[in-house]
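Colleague: I'm new to this one. Please choose one part and take me through it closely, explaining the terms as you go.

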Amino acid sequence: SHHQGKINWEHLVDTSFASKPPDFVYLKATEGMTHVDTQWDRNRVACLKLSIKHGAYHFFQPKKLPIPQAEHFLTYYTPKGGDLPPVLDVETEGYSDEDLIHKMTRWLEYVEEKTGMRPIIYTSYHFYKTKFGVKFPHHKFWIAAYSRKPRGLEVNTQIIHWQFTEKAQLPGHRVLVDMNVSKVSFR
């Protein structure tokens with residue numbers, strides 16, 4: 001997202017500069033009903049041009065209506081062949097857990113219907129364990145857990161990506177970025 005500044009994508013795929021190119025990246029596209037990430041277009045074009053495996057995510061605002069958020073996301077994100085599944089980024093509380101889960105369900109179903117891809121849910125490990133895991137048994141999760149590796153990660157088939165730090169350094173880039181590992185093979 002714009003929080004990580006302007007990524008030099010060419011450096012990341014140049015093996016003479018970077019020791020290992022990224023296997024995958026997710027780019028922030030939208031937030032809420034009106035915000036478009038200022039780096040979305042630039043990042044998307046670079047990833048497509050350089051054949052970097054990537055997907056798009058929407059930062060969910062739980063106290064706003066879900067369908068206008070989904071429509072906003074799909075106004076700016078048009079799936080291309082080879083894209084990773086879209087992601088719903090849920091990091092904040094709603095009016096209640098029931099309301100949050102209902103709104104998430106509406107967004108997820110709408111985006112799946114329009115794209116033909118089942119979205120992944122990004123959230124904290126705490127939210128996954130206490131709110132979402134059992135409520136979304138047919139969805140895959142991308143969880144953030146920085147202090148330690150989540151217990152049972154290897155055998156939990158619902159969790160496919162783990163964001164283990166928000167303080168990774170990219171070659172030739174000054175701003176720290178989020179770093180993830182995945183159970184998915186991208187090669």
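Modeller: Let's start with a word we'll need: a residue is buried if its relative accessible area is under 20%, exposed if over 50%, and partly exposed in between (1.4 Å probe, protein chains only). Keep in mind that this is a predicted model, where local features need pLDDT of at least 70 and side-chain atom pairs count only at pLDDT 80 or more, while totals for chains, interfaces and linings use all residues. Residues are numbered from 1 along each chain as its sequence is written, and side-chain values use heavy atoms, without hydrogens or water.

My pick is helix α3, residues 66-76. Helices here are DSSP runs of H or I with at least four residues, strands are E runs of at least two, and both are numbered from the N terminus. In α3, Pro-66, Ile-67, Gln-69, Ala-70, His-72, Phe-73 and Leu-74 are buried. They pack, with heavy atoms within 4.5 Å, against β1, β2 (35-36), β3 (54-59) and α4.

Now look at that last partner, α4 (97-115). The axes of α3 and α4 come within 8 Å and cross at roughly 35°; axes are lines fitted to C-alpha atoms over the stretch in contact, with angles from 0 to 180 degrees between N-to-C directions. The crossing is right-handed, meaning the near helix is turned clockwise from the far one by less than a right angle. On the α3 side you'll find Pro-66, Ile-67, Gln-69, Ala-70, Glu-71, Phe-73 and Leu-74, and they meet Lys-103, Arg-106, Trp-107, Tyr-110, Val-111, Lys-114 and Thr-115 of α4. By class, this contact has 8 nonpolar, 2 polar and 4 charged residues.

One of those α4 residues, Lys-103, has another partner. Its side chain forms a salt bridge with Asp-99, at 3.1 Å from N to O; the rule asks for a Lys or Arg side-chain nitrogen within 4 Å of an Asp or Glu carboxyl oxygen. Both sit in α4, 4 residues apart, or about one turn of the helix. Lys-103 counts as buried because its relative accessible area is 9%, whereas Asp-99, at 21%, is partly exposed.

Stepping back, α3 and α4 each supply at least two residues to the largest nonpolar core, a set of buried Ala, Val, Leu, Ile, Met, Phe, Trp, Tyr and Cys residues joined through side-chain atoms within 4.5 Å. This core has 40 residues, and Trp-9, Met-104 and Phe-132 have the most contacts inside it. Helix α4 gives the most to it, with 6 residues.

Note on methods. Ala, Val, Leu, Ile, Met, Phe, Trp, Tyr, Cys and Pro count as nonpolar, Asp, Glu, Lys and Arg as charged, and the others, Gly among them, as polar.
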